[in-house]
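Please find below some notes on the model, set out point by point for reading alongside the coordinates.

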Amino acid sequence: MDPIKGETLLKVQQLRDQFDNLEKHTQWGIDFVEKYTKFVKERSEIELNYARQIRNLSKKYQPKKKEEDDNKYTWCRAFHSTLNELNDYAGQHELIAENMTSQIIAELTRYAQEIKTERKSHFHDGRKAQQQIEASWKQLESCKRKFERDCKEADRAQQYFEKMDADINVTKADVEKARQQAQMRHQMASDSKSEYSSYLQKFNQEQNEHYYTIIPNIFQKIQAMEEKRIERMGESLKTFAEVDRQILPIIGKCLDGITQVAESIEPKNDSSQVIESYKSGFEPPGDVEFEDYGQAMKRTVSETSLTNSRPDNKPDRSSKGKSKTLWPFNKKNKGSNPEDFSHLPPEQRRKKLQAKIDDINKDIQKEMDQRDALTKMKEVYIKNPQMGDPNSVDPRLAEIAHNIEKLQAEAQKFEGWLAEVEGRMPVKSEPPRRTSVLYETQNSTPPTNNNCAQDRESPDGSYTEEPSSEVQSKVQPETAESGDEFDDADEEMLPTIGTCKALYPFEGVNEGTISVTEGELLYVIEEDKGDGWTRVRRNEEEEGYVPTSYVEVFLDSNAKGAITYI
């Protein structure tokens, strides 16, 4: 094979191999761009899901309406502020996803389409140039083979002419014919040579231009395209980091806000709030005096012991037959709270009443503002009848006046209750001393509870007592009607099942209850049925219910289910 021909074929083959390699490499680069775009898209979705979960978490733990009172505590406010900061924190992660979508995903998706089109164009030009040089090479080979063939034919024609010319037996005409044939072949060979030489020069020029101009330009364009792709990848990676870095200051502020509210927590202030919210206003009990057990206590019900020890403290006997169905033990009313909050301790009741009065005053102010506005409107209508009928406002004014009157009456009612509570609030003084009831029952007539209607007992045992509950005035003797006495005589007396000692004074002002003093000993005739009340008896004529938590119960050993309550 001709060395020149072999070298040219090798270069063409190498070029074809390079185009294949470049095509594979550039396609891999485009695939990598799309792969990175998919990666950023998934990262963006993670940020969105994270932000959504953070927002849902913050919303889940936001205080409900019934928990709004918790805001008075600094640690509750700090937690609620943390939830708000978490909302802003989630917003920053949503911003990350938004910026990644707009600055990276959208840009790379558009750029991937552009680079695909550019790559296709460059390789199309390269293949076209390669096809052209290959076609020129084939044309050159064709000219070369023709020139070679014509030269051989000219040599054979010349040899035939010389043979015919040397042969004496050949006619002159045959020799002339052979000579003309040889000349024609030489001319054809000369023409083929000229054509081959001309096309060879042209091919060399095209080949030089192909390898030194066209192909290098195409390769440079492909190289520039590849470098631009790599540069865009670097920019995208940088943007990927910058998107996160841009929100770091705001996230830092969110975290600083959480830190600040955490540092603003005031334990002492919160504990003071708890004390202020739940203090009852009760005065602490006095000192316990010595109880002399040297003298035995009579445990039988008789007129000379229990009846004579309480001659002046006889409650209304008409309550005995109704005790089981009266208010403190009525299942239907057990969970209801009175309107005057009398089921609460004094301090809590005062706060509730004051809050109720404030709410009513706000409603009154709203109604008065509406009344003033309507009054001005009516005056405008009077001055300018074309704007409206003045009489059309009167029904609404009358309604507002009625509402104001109603609210004022309600406010006056609650103010009366508030004045009652504030008048009965305990004043810090020397604590009263507890007296021994056992000693009193044997030596003197015991003091009884003041007969002031407080109506603050409830089935759960909460109550409000007078500050002077231990210095009681005697109750007027009972004046019962004859009908009551017959009822009492007909009613079967319950047997005693044990005894109890009053731990605290209790003023039973509600029907069905009985007043006791601290340290007093009584007989138990009915155990606590789970409603917080125990039925006791002082003597044959006095019995009723007292809060179980106010007495220490000693049941007889032979009583069913005997147990001691403290």
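**Notes on the predicted model**

1. A search of the whole structure finds zero disulfides, and this is a predicted model. Two cysteines may be set beside that result: Cys 143 is buried, with a relative accessible area of 5%, whereas Cys 151, at 24% relative accessibility, counts as partly exposed. The two fall into separate classes because buried means under 20% relative accessible area.

2. On the overall make-up, the protein has nine helices and six strands, and of its 566 residues 36% are buried. Taking contacts between residues at least 6 apart in sequence, 78% of them join residues at least 24 apart.

3. The pairing of helix α2 (residues 74-166) with helix α3 (residues 172-263) deserves a point of its own, since the helix axes come within 6 Å and cross at roughly 170 degrees. This angle makes α2 roughly antiparallel to α3, because angles over 145 degrees count as roughly antiparallel. Sorted by class, the residues of the contact between α2 and α3 comprise 44 nonpolar, 21 polar and 24 charged.

4. Within helix α2 (residues 74-166) lies Ile 96, which counts as buried at a relative accessibility of 1%. What does Ile 96 contact, once its neighbours within four places in sequence are left aside? The partners are Arg 43, Glu 47, Val 243, Asp 244 and Ile 247. For one of these, Glu 47, the C-alpha atom is separated from that of Ile 96 by 7.0 Å, although the two residues are 49 residues apart along the chain.

5. At what angle do helix α4 (residues 267-278) and helix α6 (residues 346-383) pack? The angle is about 90 degrees, and the axes are 7 Å apart, which means that α4 is roughly perpendicular to α6. On the α4 side the contact is made by Glu 276, Ser 277 and Tyr 278, and on the α6 side by Glu 347, Gln 348 and Lys 351. By class, the residues of this contact divide into one nonpolar, two polar and three charged.

6. Turning to the strands, β3 (residues 533-537) and β4 pair in the antiparallel sense over five bridges, and the two form a hairpin with five residues between them. Within this pairing, Val 536 stands opposite Gly 544 in β4.

7. Strand β4 (residues 543-547) is mostly covered, with five of its five residues buried. In a regular strand the side chains alternate between the two faces of the sheet. Both faces of β4 are covered, with Glu 543, Tyr 545 and Pro 547 buried on one side and Gly 544 and Val 546 buried on the other.

8. Is strand β5 (residues 551-555) largely enclosed by the rest of the structure, or open to the outside, and what supports the reading? Four of the five residues of β5 are buried, so the strand is largely enclosed by the rest of the structure. Strand β1 (residues 498-502) runs antiparallel to β5, and five bridges join the two strands. Here Cys 500 stands opposite Val 553 in β5.

Technical notes: Residues numbered from 1 in each chain as written. Predicted model: local features only at pLDDT ≥ 70, side-chain atom pairs only at ≥ 80, totals over all residues. Heavy atoms only, no water. Buried < 20%, exposed > 50% of the residue type's maximum accessible area, 1.4 Å probe, protein only. Pairing = 2+ DSSP bridges. Axes fitted to C-alpha atoms, helices over the stretch in contact; angles between N-to-C directions. Parallel < 35°, antiparallel > 145°, perpendicular 65-115°, else oblique. Contact = heavy atoms within 4.5 Å. Nonpolar A, V, L, I, M, F, W, Y, C, P; charged D, E, K, R; others polar. Disulfide = S-S within 2.5 Å.
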